[in-house]
Amino acid sequence: MRSSLRLRLTRATIKQLLPWCALAAILGLWLASQFHPPLKAHAADFAIAGRVLDSQDEPIRDAEVTLYLNESSEPFQHEVTHADGTYILTLPDDEPIQSIQIEYERTHYQSAQWIPAEEDLVILQRHGGLIVPDTILERRITAGFWIATAVFVLMLTLIVTERMHNTLAALTAVALIFAVSFVGGAWNHDLFILNFDQALTHVDFEVIFLLLGMMIVIGIIEDTGIFQWLAYQAYRLSRGKAWLLAVILMLITAVTSALLDNVITMLLIAPITLQIALAMGINPLSLLIPEILSSNVGGIATLVGTPTNILIGSYAGFGFNDFITNLTPGVLLAEVGLIAYALLWYRAEYRKTGKNISAALMQRLEENAQIKKPKKLLKSGIVFGMLLVLFIAGEQIHLTPAVSAIIGAVA
């Protein structure tokens, strides 16, 4: 009884006090507005934004943007452009802005500057921000450009003439570029090409790790002898018919190149193909050339089929499914046309009766084409199947092909 009466009294008291509380709050807000006027905008409320591009409308990264105010010789702010070429400069709002000058500088580019018109200053003062039109920096051809070109030509020459290992030739070129940049650049700035930090931005680590993972997987599968076994089984299925052997080898090469890598596939399947062709008494080129062409065509079907596809996929953001969906139909048509062309071009060679392979030679071919490690092939086959599932389904959970390849390689 007492508790219910106390509750009713409390509710009545609250109802009586509510209007007075509201009035007190309104009065407090009014007094606060009188004694504490609204705060002024911070300096970050005034800003200038823009973008720096080259003559091909590509964004320029790390371009130096310097802001000068009121004809002062001392820079007020210094920023560098982001990867998309954009920049933001903040201005003070506690002092009048009579003039603005922005200067743009970047190594290997001609300097530029921008001075706003009077109407631009009015827009800045009125809206607190201003968008600068895109600034175009023209390329500047320096001595470093010609040195870099000469080093590149030298590297290609060493690779083509095989005077030096490909890796060593590339590393030699890199060493020369850095030597000219750091040693020559300290003496003459026109000799500067790039520093180490800039060089790292040109390395696509997603491509590196994808190739690394796939090479490990291929290396393990190669050790089982599966490629030589496939080539020998192709000969058995053809029953000595050269044209049928060529068709089967082209199909095997195309599928294998799409799933693994076209270069590695040819390196592994070419030796046994050469032995079979010599044993049959036909020109080995009539089998090797169609295999090479089929390897190139089949490798286009997937992301991991060729290094070119890996580079394109990383740069353009294409996934494994994008290549299969858009390129596989064209690859199938190209493969049919390629088979027809090979049969037509080498028809005279395929019509040769050839010689019957002796029993001893047949036994030797069979021994060279045996599965060396069946347990290892089973394990690596399971892992490779899981890797293909990761390639196809991983895009749904934003799992990049490079991470999938590393997972497969570790497994």
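Modeller: Start with a term. A residue is buried when its relative accessible area is under 20%, exposed when over 50%, and partly exposed in between. This is a predicted model. In the protein chain, buried residues make up 36% of the 411 residues.

Biologist: What is the secondary structure of the protein chain?

Modeller: The chain comes to 16 helices and eight strands. Contacts add to that picture. Take those in the chain with a separation of 6 or more: residues 24 or more positions apart account for 65% of them.

Biologist: How much surface does the protein chain expose, and what do carbon and sulfur atoms supply?

Modeller: About 25,400 Å² is exposed. Carbon and sulfur atoms supply 65% of that area.

Biologist: Which residues form a nonpolar patch on the surface?

Modeller: Look for Phe182, Val183, Phe196, Leu200, Val203, Phe205, Ile208, Phe209, Leu212, Ile216 and Ile220. Together they have about 980 Å² of accessible area.

Biologist: Which helices each supply at least two residues of the patch, and which gives the most?

Modeller: Three helices each supply at least two: α4 (166–187), α5 (196–201) and α6 (205–222). The most comes from α6, with six residues.

Biologist: Let me try one member. Where does Ile220 lie, and why can it be in a patch?

Modeller: Ile220 sits in helix α6. A patch takes residues with over 30% relative accessible area. Ile220 has 34%, so it passes that cut-off and counts as partly exposed.

Biologist: Now a contrast. Is Ser286 buried or exposed?

Modeller: Buried, at 1% relative accessibility. Its place is in helix α10 (residues 285–299).

Biologist: What does the side chain of Ser286 reach, and which residues is Ser286 in contact with, leaving aside neighbours within four places in sequence?

Modeller: The side chain reaches the backbone oxygen of Asn283, at 2.6 Å. With those neighbours set aside, Ser286 is in contact with Tyr346, Glu349 and Tyr350.

Biologist: On to strands. Which residues of β5 are on the covered face, and which on the uncovered one?

Modeller: Read β5 (residues 100–105) by its two faces. Ile100, Ile102 and Tyr104 make the covered face. Gln101, Glu103 and Glu105 make the uncovered one.

Biologist: How many bridges pair β5 with β2, and how many join β5 to β6?

Modeller: Six bridges pair β5 with β2 (residues 64–69), in the antiparallel sense. Three join β5 to β6 (residues 112–114), also antiparallel. Use Glu103 as a marker. Thr66 stands opposite Glu103 of β5. In β6, Gln113 is the bridge partner of Glu103.

Biologist: What about the hairpin of β5 and β6: how many residues are between the strands, and which takes a positive phi?

Modeller: Six residues are between the strands. His108 takes the positive phi, near 75°.

Biologist: Last feature. How do I read a salt bridge, and how many does the count come to?

Modeller: Look for a side-chain nitrogen of Lys or Arg within 4 Å of a carboxyl oxygen of Asp or Glu. By this rule the count comes to four.

Biologist: Which residue meets Arg140 in a salt bridge?

Modeller: Asp190, at 3.3 Å from N to O. The pair links distant parts of the chain, 50 residues apart. Arg140 is in the loop between β8 (135–137) and α3 (143–161). Asp190 is in the loop between α4 and α5. Both ends count as partly exposed: Arg140 at 32% relative accessibility, Asp190 at 30%.

Biologist: And what does Lys373 form a salt bridge with?

Modeller: With Asp223, the closest N and O atoms being 2.7 Å apart. This pair also links distant parts of the chain, 150 residues apart. Lys373 is in the loop between α14 (359–368) and α15 (374–393), and Asp223 in the loop between α6 and α7 (226–238). Lys373 is partly exposed, at 39% relative accessible area. Asp223 counts as partly exposed too, at 30%.

Biologist: Which Lys meets Asp223 at 2.9 Å, N to O?

Modeller: Lys376. Asp223 lies in the loop between α6 and α7 and Lys376 in helix α15, so this salt bridge ties together parts 153 residues apart in sequence. Lys376 is partly exposed, at 30%. Salt bridges with shared partners join Asp223, Lys373 and Lys376 into one network.

Conventions. Residues are numbered from 1 along each chain as its sequence is written. This is a predicted model: local features need pLDDT of at least 70, side-chain atom pairs count only at pLDDT 80 or more; totals for chains, interfaces and linings use all residues. Side-chain values use heavy atoms; hydrogens and water are left out. Patches are made of residues with over 30% relative accessible area and no salt bridge: like charges are joined within 9 Å, nonpolar side chains (Val, Leu, Ile, Met, Phe, Trp, Tyr) within 5 Å. Accessible areas come from the Shrake-Rupley method with a 1.4 Å probe; for residues, only the protein chains shown count as cover. Helices (H or I, at least four residues) and strands (E, at least two) are DSSP runs, numbered from the N terminus. Buried means under 20% relative accessible area, exposed over 50%, partly exposed in between (1.4 Å probe, protein chains only). A polar contact is a pair of N or O atoms within 3.5 Å; within protein, one must be able to donate a hydrogen and the other to accept it, and residues adjacent in sequence count only if both atoms are side-chain atoms. Contact means heavy atoms within 4.5 Å. Two strands pair if DSSP finds at least two bridges between them.
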